[in-house]
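Please open the model in your viewer with the side chains shown as sticks, and keep a selection box at hand. The tour moves from stop to stop, naming what to select and then what is there.

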Amino acid sequence: MFEVHILNVALGDSIILHSQHEGKSYYSLIDCKKVADKTPTVEFLKERNITDICSIILTHFHHDHCSGFPELYEYLKPGARLLPVPMM
């Protein structure tokens, strides 16, 4: 099973990838913007009781793509990966 959730976070997107293998769920995130005093990606995780993120991919280090990252830190699984996309 593979699911893609795309959150509209005002002038940007946050993408949550969910896969399952042998009954275990795995989550990865692409970008995470903070909007005012809320982080929609974190709200999405809380609403669904998602507690472990395997990887976070930040497409680039502009505010509208990575400002919510500090709130995600507690969701990272031990051994999780932060994957910045190299600039060309």
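Begin by selecting E47, which is exposed, with a relative accessible area of 60%; here buried means under 20% relative accessible area, exposed over 50%, and partly exposed in between, with a 1.4 Å probe and protein chains only. Before going further, note that this is a predicted model, in which local features need pLDDT of at least 70 and side-chain atom pairs count only at pLDDT 80 or more, while totals for chains, interfaces and linings use all residues. Residues are numbered from 1 along each chain as its sequence is written, and side-chain values use heavy atoms, with hydrogens and water left out.

**Salt bridges**

Keep E47 selected and add R48, since the side chains of these two residues meet in a salt bridge at 3.4 Å, N to O; the term stands for a side-chain nitrogen of Lys or Arg within 4 Å of a carboxyl oxygen of Asp or Glu. R48 is partly exposed, at 43% relative accessible area.

By this rule the count comes to two salt bridges, and for the other partner pair you should select E71 and K34, whose side chains meet at 2.8 Å, N to O. E71 lies in helix α3 (residues 69-72) and K34 in the loop between β3 (24-30) and α1 (40-47), so the pair ties together parts that are 37 residues apart in sequence. Helices (H or I, at least four residues) and strands (E, at least two) are DSSP runs, numbered from the N terminus. Both partners are partly exposed, E71 with a relative accessibility of 27% and K34 with 26%.

**Around S67 and G68**

With K34 still displayed, select S67, which sits in the loop between α2 and α3 and is buried at 15% relative accessible area. A polar atom of the S67 side chain lies 2.7 Å from the backbone nitrogen of K34, and the S67 side chain also reaches the backbone oxygen of H63 at 2.9 Å. These are polar contacts, that is, pairs of N or O atoms within 3.5 Å in which, within protein, one must be able to donate a hydrogen and the other to accept it, and residues adjacent in sequence count only if both atoms are side-chain atoms. If neighbours within four places in sequence are left aside, S67 is in contact with C32, K33 and K34, where contact means heavy atoms within 4.5 Å.

Move on to G68, which is found in the loop between α2 and α3 and is buried, at 0% relative accessibility. With neighbours up to four places away again set aside, G68 is in contact with C32, K33, K34 and T39.

**The cysteines**

Now select C66, a residue of helix α2 (residues 63-66) that counts as buried at 17% relative accessibility. Beyond residues up to four places away in sequence, C66 touches C32, L58, H60 and F61.

How many disulfides does the rule give? The count comes to zero, a disulfide being a pair of cysteine sulfur atoms within 2.5 Å. C66 is in no disulfide, and the nearest cysteine sulfur, that of C32, is 9.1 Å away. Select C54 as well, which is partly exposed at 21% relative accessibility; its sulfur is 16 Å from the closest cysteine sulfur, in C32, and that is too far for a bond.

**Two residues with positive phi**

Most residues other than glycine have a negative phi. Against that background, select E22 in the loop between β2 (13-21) and β3, where phi is near 50° and the residue is exposed, with a relative accessible area of 74%. Then select N49 in the loop between α1 and β4 (53-58), which has a positive phi of about 55° although it is not a glycine, and which is exposed at 66% relative accessibility.

**The surface patch**

Finish by selecting F2, V4 and I6 with the surface switched on, as these residues make a nonpolar surface patch of about 320 Å². Patches are made of residues with over 30% relative accessible area and no salt bridge, like charges being joined within 9 Å and nonpolar side chains (Val, Leu, Ile, Met, Phe, Trp, Tyr) within 5 Å; accessible areas come from the Shrake-Rupley method with a 1.4 Å probe, and for residues only the protein chains shown count as cover. Within the patch, I6 belongs to strand β1 (residues 2-8) and is exposed, with a relative accessible area of 56%.
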